[in-house]
Amino acid sequence: MSRIAKIYVDSEVRLDPLKGKKIAVLGYGSQGRAWALNLRDSGLDVTVGLEREGKSWQQAQADGFHPKKTEDAVKGADVVIFLVPDMVQRFIYREHVQPNLKPGMDLVFAHGFNIHYRLIEPPQNVDVYMVAPKGPGPIVRDFFVKGGGVPVLVAVHQNYSGRAMEKALAIAKALGGTRAGAIETTFKEETETDLVGEQTILVGGVMELMKAAFETLVELGYQPEVAYFEAINELKMIVDLIYEKGFTGMLNAVSDTAKYGGFTVGKRVINEETRKRIREAAERVRSGKFAEEWIEEYGRGSPTLKKGMEEAEKSLEEQVGRRLKEIIERGKPKS
Ligand SMILES: NC(=O)c1ccc[n+]([C@@H]2O[C@H](COP(=O)([O-])OP(=O)(O)OC[C@H]3O[C@@H](n4cnc5c(N)ncnc54)[C@H](O)[C@@H]3O)[C@@H](O)[C@H]2O)c1
Ligand SMILES: CC(C)(O)[C@@H](O)C(=O)O
Ligand SMILES: [Mg+2]
Ligand SMILES: [Mg+2]
C-alpha cells in the first residue's frame, strides 16, 4: 500500500506568514501573470520583475503593475518567485538573484526542475520551497476569479527559517490552490511526475492520440471536418464528464455500443507496449537523461521545439480547426 498524502485545505491555512513581506514575481507569462494577479488580489505585496521592456512588460502594466528590472525587483524583495521558463531560471539566478541574496530570503518555484537537477544550488541561509499548480496558468487565474482554485503541490527543499512549509501554504492559499487542496510532496516527486505526465499523457500522449485517430480517418477517405469533430473536438466533452463524474459517470453518459467498443478496442490501441513506453519515459526522467537532453536542445537554440510549433501550426488538424472555429464558438454554452 502506498502512503496516504497529506492534503491541506483553505480553513487550515493562514496568509499571515507572508503579510508585510515584499514578493517579487519574476516573469509574466502563463504562470507569472496568474500568480501576480491572484497574489495581489489576495492582499499580498507583489512586484513584477522582468528582464526588459516588451510584451510581458506591457501586459503587466496593462494589468496595473509597475514592473521593475529583475535585479531591482530582487533587491527590494523578501520572497523571490521564479516564473520564467525552466531553461532560463539558472541564468536569472546567477546574474540577478545570487548577487542580491540576503540571509532569510525565500526562493520559490512552481516546478522543481532547477532544484532537483541541481541547476540552481542556493546557499544554506535561505528558504527554498515550491508551490506547483496542477494546471495551466490561464486556468489558475480563471478558476480563482470565479471563486475556485486549481489544486497545487507544496514541497520544502530548504527550511532555514523553520517556517518554509507555512509560507508555501500561504502562497498556495493566495493563489487559490487551497480552495481545492494543497498536497504535500517533495521536489523529486513533483519534478518527475510532472515531466512524465506532460510527456506521456497531458501534452505528448493526448496530442499524438488525437492526431493518430484524426489522420487515420482522413487517410481512409472520411471528410476532415467529420474526423475533427470525432477525434479532437469531442474529447473535451468526454474529458469534462470524467472531470465532473469520474470514469463511471462518463461511461453512464455514452452508449452501450461505445462502452463495449471502448472496453475491447481501447486495450488493443493502448496496450502493454504503450505501458512499456511510459515506463521508458519515466526512466529517462528519473535518470536525468531527459533533463540533459532538454538542456542540450535549449543550448542549440531549441530547434526541435521550434519545428514542433511550426508543424503544429501548419498541420491539417489546425487548418480544419480554424475553419470550424465559428461553429465551435457558436455552440459554446453562453453562461
Ligand atoms: N505553463 C504552465 O501552465 C505551468 C504549470 C505549472 C508549472 N509551470 C512552471 O512555471 C514556471 C514558468 O513557466 P511558464 O510556462 O509560466 O513560463 P512562460 O514561458 O510563460 O514564461 C514567460 C515569461 O518569462 C519571460 N522570459 C522568457 N524567456 C526569457 C529569457 N530568456 N530571459 C528572461 N525572461 C524570459 C517572458 O518575458 C515571460 O514574462 C516554470 O517553472 C514551469 O515549469 C508552468
Ligand atoms: C500545464 C502543465 C503541462 O501541467 C505544466 O506542467 C507545464 O509544464 O506547462
Ligand atoms: Mg510541467
Ligand atoms: Mg504540470
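Student: Which helix is Glu230 found in?
Tutor: Bear in mind that this is a predicted model. The unreviewed UniProt entry puts Glu230 in a "binding site" annotation along with Asp194 and Glu234. In the model, Glu230 falls within residues 224–253, and that run is helix H11.

Student: Is Glu230 buried, partly exposed or exposed?
Tutor: Count the C-beta atoms around Glu230: there are 14 inside 10 Å. Buried would take 20 or more, and exposed would take 12 or fewer. A count of 14 sits in between, so Glu230 is partly exposed.

Student: How far apart in space do the C-alpha atoms of the annotated Asp194, Glu230 and Glu234 get?
Tutor: These three residues share one "binding site" annotation from the unreviewed UniProt entry. They spread over 41 residues of sequence and are spread in space as well. Between their C-alpha atoms the distance goes up to 28.5 Å.

Student: How is H11 oriented relative to H16, parallel or perpendicular?
Tutor: The axes of H11 and helix H16 (residues 316–331) come within 10 Å and cross at roughly 85 degrees. Anything from 65 to 115 counts as roughly perpendicular. That makes the arrangement of H11 and H16 roughly perpendicular.

Student: How many nonpolar residues are there in the contact of H11 with H16?
Tutor: On the H11 side you find Pro224, Glu225, Tyr228, Ile232 and Asn233. They meet Leu316, Glu317, Val320, Gly321, Leu324 and Ile328 in H16. By class, two residues of this contact are polar and two are charged, while the nonpolar ones number seven.

Student: Now for Asp194: which residues is it in contact with, leaving aside neighbours within four places in sequence?
Tutor: Asp194 is in helix H9 (residues 187–202). Asp194 has 19 other C-beta atoms within 10 Å, and since buried takes 20 or more, it counts as partly exposed. Leaving aside neighbours within four places in sequence, its contacts are His111 and Ala132.

Student: How many charged residues are in the shell around ligand 2?
Tutor: The residues around ligand 2 are Pro136, Asp194, Glu198, Leu202 and Val203. Asp194 and Glu198 also share a "binding site" annotation in the unreviewed UniProt entry, and Glu198 is in H9. By class, the shell has three nonpolar residues and no polar ones, and the charged count is two.

Student: Which element gives the largest share of the shell around ligand 1?
Tutor: Ligand 1 is surrounded by 20 residues, the closest being Gly29, Ser30, Gln31, Ser56 and His111. Helix H1 (30–41), helix H4 (86–97) and strand E7 (127–133) each supply at least two residues of that shell. The largest share is three residues, and it comes from H1.

Student: What is the upper limit on the C-alpha distances among the annotated residues Tyr28, Gly29, Ser30, Gln31, Ser56 and Gly137?
Tutor: UniProt gives these six positions the feature "binding site", again from an unreviewed entry. They span 110 residues in sequence, yet they gather at one spot, because no two of their C-alpha atoms are farther apart than 14.3 Å.

Student: Which residues does Ser56 contact, leaving aside its neighbours within four places in sequence?
Tutor: Ser56 is in helix H2 (residues 55–62), while Gly29 is in the loop between strand E2 (22–26) and H1. Not counting residues up to four places away in sequence, Gly29 touches Ser56 and Leu83. Seen from Ser56, with its neighbours within four places left aside, the contacts are Tyr28, Gly29 and Leu50.

Conventions: Residues numbered from 1 in each chain as written. Chains lettered and ligands numbered in written order. Predicted model: local features only at pLDDT ≥ 70, side-chain atom pairs only at ≥ 80, totals over all residues. UniProt positions renumbered as here; feature names shortened; annotations may be inferred. Helix = DSSP H or I, 4+ residues; strand = E, 2+ residues; numbered from the N terminus. Contact = placed C-beta atoms within 7 Å. Near = placed C-beta within 6 Å. Nonpolar A, V, L, I, M, F, W, Y, C, P; charged D, E, K, R; others polar. Axes fitted to C-alpha atoms, helices over the stretch in contact; angles between N-to-C directions. Parallel < 35°, antiparallel > 145°, perpendicular 65-115°, else oblique.
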